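Colleague: Could you take me through one part of this model in detail, please? I would like to hear about a pair of packed helices and the empty space around them.

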Amino acid sequence: MKLESLCLFCGSNRGGRPEYADAARQLGTTLAEQSLTLVYGAGRIGLMGVAADAALAAGGRVVGFIPEFLQAKEVAHLGLDEIHITETMHQRKALMAERADGFIALPGGLGTFDELFEILTWGQLSVHSKPVGLLNVAGFFDPLLAMVRHAVQEGFMREENLSLFVVADNIDDLLAGMRAYQPREADKWLELSRT
């Protein structure tokens with residue numbers, strides 16, 4: 001799969017482990033080195049800012065989208081190649097999805113989970129067929145992955161939908177998996193007898 005731009009979902013905080021910021025820094029640098037545009041939520045704080053700063057420092061292209069009401073709270077990054085101010089969060093997410101060839105999630109909180117699950121749901125419903133990667137830094141996503149597998153075991157989603165995302169604990173393996181990603185036809189709905 002040809003990737004020219006990747007959308008990053010991650011925390012507007014740095015989290016409690018130095019590994020999280022290290023991973024964000026490495027991700028930004030790697031994207032720049034591989035001429036991949038970083039598309040993200042336009043903040044200059046937290047892991048968002050770390051990744052953007054690293055990409056810019058390595059000569060990469062960075063495009064940000066931020067709703068007007070979050071400009072002050074997330075302290076919009078003014079050094080980006082492009083910054084787009086949206087009216088709503090919905091517009092922000094839709095525009096980021098349009099501009100990206102794939103999506104990567106780093107550790108984060110509710111906003112990161114919201115963005116990740118929305119884009120996975122869009123993939124499940126065939127709204128897009130782009131790869132979604134989870135950079136599982138220090139096992140951060142292990143509980144989330146266990147929850148998703150539990151949903152399969154309990155009959156709320158198909159096992160085939162576990163292939164909607166790629167998981168790796170380092171950026172090189174993650175990007176390789178995302179480039180090799182092949183969307184699979186997996187009906188969202190279970191058989192009528194199981195609903």
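What follows is a close look at one helix pair and at the pockets and cavity it helps to line.

Modeller: Happy to! Please keep in mind that this is a predicted model. Two packed helices are described by the angle between their axes and the distance between the axes, so let us begin there. Helix H3 covers residues 89-99 and helix H4 covers residues 110-124; they pack at an angle of about 60 degrees, with 12 Å between their axes. H3 and H4 are therefore oblique to each other, and their crossing is right-handed.

On the H3 side, the residues that meet H4 are Lys-93, Ala-94, Met-96 and Ala-97. Their partners in H4 are Asp-114, Glu-115, Glu-118, Ile-119 and Trp-122. Sorted by class, this contact has five nonpolar and four charged residues, with no polar ones.

Now for the empty space. Rolling a probe the size of a water molecule over the atoms shows where such space is left. Searching the whole structure turns up one cavity of 30 Å³ or more, and the largest cavity holds about 60 Å³. From the helix contact listed above, Lys-93, Met-96, Ala-97, Glu-115, Glu-118, Ile-119 and Trp-122 appear again in the cavity lining, which also includes Phe-9 and Phe-103. H3 and H4 are the elements that give two or more residues to this lining, and H4 gives the most, with four. The cavity lining has six nonpolar and three charged residues, and no polar ones.

H4 also takes part in the open pockets. The largest pocket has a volume of about 330 Å³ and is lined by 25 residues, with Cys-10, Gly-11, Ser-12, Gly-109 and Thr-112 nearest its centre. Strand E1 (5-9), helix H2 (46-57), H3 and H4 each supply at least two residues of that lining, and the largest share, four residues, comes from H4. By class, the lining of the largest pocket divides into 12 nonpolar, nine polar and four charged residues.

The second largest pocket contains about 230 Å³ of space. Of the 13 residues that line the second largest pocket, Phe-117, Thr-121, Gln-124, Val-148 and Met-157 lie nearest its centre. Here H4 and helix H5 (142-153) each supply at least two residues, and H4 again has the largest share, with four. The lining of the second largest pocket has nine nonpolar, three polar and one charged residues.

Note on methods. Residues are numbered from 1 along each chain as its sequence is written. This is a predicted model: local features need pLDDT of at least 70, side-chain atom pairs count only at pLDDT 80 or more; totals for chains, interfaces and linings use all residues. Side-chain values use heavy atoms; hydrogens and water are left out. Axes are lines fitted to C-alpha atoms, for helices over the stretch in contact, and angles run from 0 to 180 degrees between N-to-C directions. Angles under 35 degrees count as roughly parallel, over 145 as roughly antiparallel, 65 to 115 as roughly perpendicular and the rest as oblique. A crossing is left-handed if the near helix is turned anticlockwise from the far one by less than a right angle, and right-handed if clockwise. Contact means heavy atoms within 4.5 Å. Ala, Val, Leu, Ile, Met, Phe, Trp, Tyr, Cys and Pro count as nonpolar, Asp, Glu, Lys and Arg as charged, and the others, Gly among them, as polar. On a 1 Å grid over the protein atoms alone, a cavity is a set of points where a 1.4 Å probe fits but cannot get out, and a pocket is an open set with protein on both sides within 12 Å along at least five of seven lines; lining residues have an atom within 4 Å of a point. Grid points are joined across faces, edges and corners, and a volume is the space filled by probe spheres set on the points.
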